[in-house]
Amino acid sequence: MPKKSTNMSGLQCLATENIWFDKHRYDEAEKHFYEGANGPSTQQQVKTALQQAKGRQQKRQHRNSSSHAGGDHELVSRMKSLELENQTLHKVVEEMRAALQKLESRVVVLEKTPASAAVPCAKAAPVQAAPVKQVNGDDDEDDDDIDLFGSDEDDEETARLKQERVDAYAAKKAKKPTLIAKSSILLDVKPWDDETDMAKLEECVRSVQMDGLLWGASKLVPVGYGIKKLQINCVVEDDKVGTDILEEEITKFEDFVQSVDVAAFNKI
């Protein structure tokens, strides 16, 4: 009896203890709940991240290998072209060497050939001496008749022809008209006052006549205060008439002319 009571007391003690024997089951259930609510766990995220990184690395390696393959292909093609050029240059050098050797052999042959054998034709065709013409006494007489210095009659004839040519050239040059230098002069003739008879003044000016002078058109130009000046044009030969002579001749009419000025002077 006392033993049974002891066992009951042990069960009662265990019943009173707070022990969670099924805790791992509840932990797994909680884990599955949160995975379904928030997505995969951290380990799964790490695994996916690692897989993505491996994929990117494989892509990079593929690209690098393809670029290396393209560069290698270009390098191989360039090497082949260089080899072809090198072979061509070798052929050209060999041809030049062969031509140089032929040239050297020909030079050696020419140097060994004697000079006597080089010109056999010169001995085969000797030069024939020109026949000597015999000189007789008649030829000496003919030579005496030749006048090497000419006679006086020939000199006179040459001088006469020369003089005729000179005279003809002088006559032709004299007939050619000579160029006469002329000038157009515009004169301003001023009176003393407004009471001066301008018609009489112009008549006096035109009365000046000389060789190489030709009077032209004229007009009256107002000066001021009712005074007008005579503006007259004339053509003169430069060798015969000058502006000083014209001014001197016109100013002789002191009763009508106060002054004479050259307004314009042009060569014709």
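## Salt bridges in a predicted model

Lysine 252 is exposed, with a relative accessible area of 53%, and in this predicted model lysine 252 forms a salt bridge with glutamate 249, the closest N and O atoms being 3.3 Å apart. Glutamate 249 is partly exposed, with a relative accessible area of 25%. Elsewhere, salt bridges that share partners join Glu157, Arg160 and Glu164 into one network.

Within that network, arginine 160 and glutamate 164 form a salt bridge whose closest N and O atoms are 2.7 Å apart; both residues lie in helix α7 (residues 152-175), where they are 4 residues apart, about one turn of the helix. Arginine 160 is partly exposed at 39% relative accessible area, and glutamate 164 is partly exposed at 41%.

Another pair, aspartate 188 and lysine 229, forms a salt bridge with its closest N and O atoms 3.2 Å apart. This pair links distant parts of the chain, since aspartate 188 belongs to strand β1 (residues 182-190) and lysine 229 to strand β3 (residues 227-237), 41 residues apart. Aspartate 188 is buried, with a relative accessible area of 9%, and lysine 229 is buried, with 16%.

The count comes to 10 salt bridges, including these three pairs:

| Pair | Closest N and O atoms |
|---|---|
| Arginine 160 and glutamate 164 | 2.7 Å |
| Aspartate 188 and lysine 229 | 3.2 Å |
| Glutamate 249 and lysine 252 | 3.3 Å |

As for confidence, the mean pLDDT of the chain is 77, and 68% of its residues reach 70 or more. Over residues 117-125 the pLDDT is below 50, and this stretch has 0 contacts in the model beyond near neighbours in sequence. Where pLDDT is low, the predicted coordinates should not be read in detail.

Key. Residues numbered from 1 in each chain as written. Predicted model: local features only at pLDDT ≥ 70, side-chain atom pairs only at ≥ 80, totals over all residues. Heavy atoms only, no water. pLDDT = per-residue confidence, 0-100. Contact = heavy atoms within 4.5 Å. Salt bridge = Lys/Arg side-chain N within 4 Å of Asp/Glu carboxyl O. Helix = DSSP H or I, 4+ residues; strand = E, 2+ residues; numbered from the N terminus. Buried < 20%, exposed > 50% of the residue type's maximum accessible area, 1.4 Å probe, protein only.
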